[in-house]
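This report describes a single protein chain, moving from accessibility and overall layout to individual helices, the core and the pocket. The sequence and the structure are shown here for reference.

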Amino acid sequence: MEQATYRDLMHRLSEVGAVKKGLARSLPPGLPAGSAAVLGLLSQHGEMTISELTDLLAVDISVTSRHVSYLADHGWLARSPNPADGRSRLLCLTASGRALLAGFSDHMTELLSERLSDWSDDEVRELIRLMAKLHDSVVCPAHTLTHVRS
């Protein structure tokens, strides 16, 4: 593939940030986008340590720690001793965290449905498939190389 194609891809990827910011403006007041991402990951993956969460977020642990503290201070996340490792704590959603997540998840789903109303179901599914493939290729390149070789 030509280098110009990859340059165009880089430009389009930079626009993903603008899309995320546009969606973040629809989050409930007082819920930063990064904290919303933490809630979403805990909902999707279940309880985990801050190190596991940091890996999933692909950010510095100090950023994760700030989001965890913010969510815990608002009662949306709980920290409990990790029975497998007394030095760490397990993070999980509280009932109010699950309720908050359900509310803004429904809202975001409705917003995307509205904004993509002129897309076909196949186009939305293709976008989901390609975004997952891009994630796997960039975040897990060894997996991709193995897959390509086979």
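A residue counts as buried under 20% relative accessible area, as exposed over 50%, and as partly exposed in between. The model to which these classes are applied is a predicted one. Arginine 79, with a relative accessibility of 37%, is therefore partly exposed. The table sets out four residues by the element or loop that holds them and by their accessibility.

| Residue | Location | Relative accessibility | Class |
|---|---|---|---|
| Histidine 67 | helix α4 | 18% | buried |
| Arginine 79 | strand β2 | 37% | partly exposed |
| Valine 19 | helix α1 | 51% | exposed |
| Alanine 58 | loop between α3 and α4 | 67% | exposed |

**Overall layout**

The secondary structure of the protein chain consists of 7 helices and 3 strands, and these elements follow one another from the N terminus in the order α-α-β-α-α-β-β-α-α-α. Taken along the principal axes, the box filled by the C-alpha atoms is roughly 50 × 40 × 25 Å. Of the 150 residues in the chain, 23% count as buried. Among the contacts with a separation of 6 or more, 47% are made by residues 24 or more positions apart.

**Helix α2 and its surroundings**

Helix α2 has 13 residues, which at 1.5 Å a residue should span 18 Å, and the distance of 18 Å between its end C-alpha atoms agrees with that expectation. The buried residues of this helix are Ser35, Ala36, Val38, Leu39, Leu41 and Leu42, and the elements that cover them include β1 (48-49), α3, α4, β2 (77-81), β3 and α5. After α2 comes glycine 46, which has a positive phi near 85 degrees.

Histidine 67, in helix α4, is one of the residues that touch this region: beyond its neighbours within four places in sequence, histidine 67 is in contact with Gly34, Ser35 and Val38. Because its relative accessibility is 18%, histidine 67 falls in the buried class.

**The nonpolar core**

The largest nonpolar core holds 22 residues, of which Leu31, Leu39, Leu53 and Phe104 touch the most other members. At least two residues of this core are supplied by each of α2, α3, α4, β3 (89-93) and α5. For phenylalanine 104, when neighbours within four places in sequence are set aside, the contacts are with Leu27, Pro28, Leu31, Ala36 and Leu39.

**Strand β2 and the loop after α3**

Arginine 79 lies in strand β2 and, apart from neighbours within four places in sequence, is in contact with Val68, Ser69, Ala72, Arg89, Leu90 and Leu91. Arginine 79 and isoleucine 50 are separated by 29 residues in sequence, while their C-alpha atoms are 9.6 Å apart in space.

Alanine 58 belongs to the loop between α3 and α4. Its phi is near 60 degrees, which is a positive value in a residue other than glycine, and at 67% relative accessibility alanine 58 is exposed.

**The largest pocket**

How much space lies in the largest pocket? The volume comes to about 2,100 Å³. The pocket is lined by 47 residues, and those closest to its centre are Val16, Val19, Lys20, Leu23 and Met131. Two or more lining residues come from each of α1 (3-24), α2 (33-45), α3 (50-57), α4 (61-73), α5 (95-115) and α6 (121-139). Helix α1 gives the largest share of the lining, with 13 residues. By residue class, the lining of the pocket divides into 29 nonpolar, 12 polar and 6 charged residues.

Valine 19, one of the residues closest to the pocket centre, is found in helix α1. With a relative accessible area of 51%, valine 19 is nonetheless in the exposed class. Valine 19 and serine 105 stand 86 residues apart in sequence, with a C-alpha to C-alpha distance of 16 Å in space.

Terms used:
Residues numbered from 1 in each chain as written. Predicted model: local features only at pLDDT ≥ 70, side-chain atom pairs only at ≥ 80, totals over all residues. Heavy atoms only, no water. 1 Å grid on protein atoms, 1.4 Å probe; cavity = no way out; pocket = protein on both sides within 12 Å on 5 of 7 lines; lining within 4 Å. Points joined across faces, edges and corners; volume = space filled by probe spheres on them. Helix = DSSP H or I, 4+ residues; strand = E, 2+ residues; numbered from the N terminus. Nonpolar A, V, L, I, M, F, W, Y, C, P; charged D, E, K, R; others polar. Buried < 20%, exposed > 50% of the residue type's maximum accessible area, 1.4 Å probe, protein only. Contact = heavy atoms within 4.5 Å. Core = buried A, V, L, I, M, F, W, Y, C linked by side-chain atoms within 4.5 Å. Expected span 1.5 Å × (residues − 1).
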